[in-house]
Amino acid sequence: PIDPNLLKRMMMGDFSAVFSSPKETKKSSSPKRKVELDLQFDKLFPHGNSTPANQRLPMQLESLKDFVADCRKQSVTSAYIIVGKGDGILRSKVKQELQRLRIRNSEVVDPPYFGNAIKVYLNERICR
């Protein structure tokens with residue numbers, strides 16, 4: 001019998017199968033932090049319930065542009081953009097905007113996002 005809590009922790013990435021010798025371990029001077037933006041409207045604008053539906057998407061995309069600009073100012077190399085499930089409209093518009101900004105990106109299917117986020121690589125540009 002497998003403990004359900006243990007299985008849940010394994011799915012969320014609490015345990016790693018990466019083994020390295022002490023000689024190969026390099027410690028960086030600053031710990032890596034996960035940079036993410038949750039583009040779900042309720043998270044971005046908690047008091048924006050009265051905002052008309054046709055104005056919400058442009059506000060979310062403006063937040064995305066501001067986030068990318070801030071990340072570039074702070075020399076962030078990669079970040080996560082949470083788009084949620086929904087109808088996929090936000091996801092497609094975010095991908096179009098990233099394509100327009102020439103930012104390489106990929107869907108994140110691993111925990112904890114399970115396909116509801118996009119990872120952006122801010123130090124690399126799409127070559128076309």
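Helices and strands are here taken as DSSP runs, numbered from the N terminus, with at least four residues for a helix and at least two for a strand. With that in hand, the fold of this predicted model can be read along the sequence as α-β-α-α-β-α-β-β. In total, the protein chain has four helices and four strands.

A few overall values help to set the scene. The protein chain holds 128 residues, of which 29% are buried. Its exposed area comes to about 9600 Å², and carbon and sulfur atoms account for 53% of that area. Among contacts with a separation of 6 or more, 58% link residues that lie 24 or more positions apart.

Two places in the chain are worth a visit. One is on the surface, where Ile2, Leu6, Leu7 and Met10 together form a nonpolar patch of about 390 Å². Met10 belongs to helix α1, which covers residues 4-11. With a relative accessible area of 47%, Met10 is partly exposed; Met10 can therefore count towards such a patch, since patch residues need over 30% relative accessible area.

The other place is Asp38, in strand β1 (residues 36-38). Asp38 is buried but has no salt bridge. The nearest side chain of opposite charge belongs to Lys43, at 4.3 Å, and a salt bridge is counted within 4 Å, so this pair does not qualify. Asp38 does have a polar partner, as its side chain makes a polar contact of 3.0 Å with the side chain of Gln40. Beyond its neighbours within four places in sequence, Asp38 is in contact with Lys43, Leu44 and Ile82.

Notes:
Residues numbered from 1 in each chain as written. Predicted model: local features only at pLDDT ≥ 70, side-chain atom pairs only at ≥ 80, totals over all residues. Heavy atoms only, no water. Patch = residues over 30% accessible without salt bridge, like charges linked within 9 Å, V, L, I, M, F, W, Y side chains within 5 Å. Areas by Shrake-Rupley, 256 points an atom, 1.4 Å probe, with all protein chains shown as cover. Buried < 20%, exposed > 50% of the residue type's maximum accessible area, 1.4 Å probe, protein only. Lys, Arg positive; Asp, Glu negative; His and termini not counted. Polar contact = N/O pair within 3.5 Å; in protein donor to acceptor, adjacent residues only side chain to side chain. Contact = heavy atoms within 4.5 Å.
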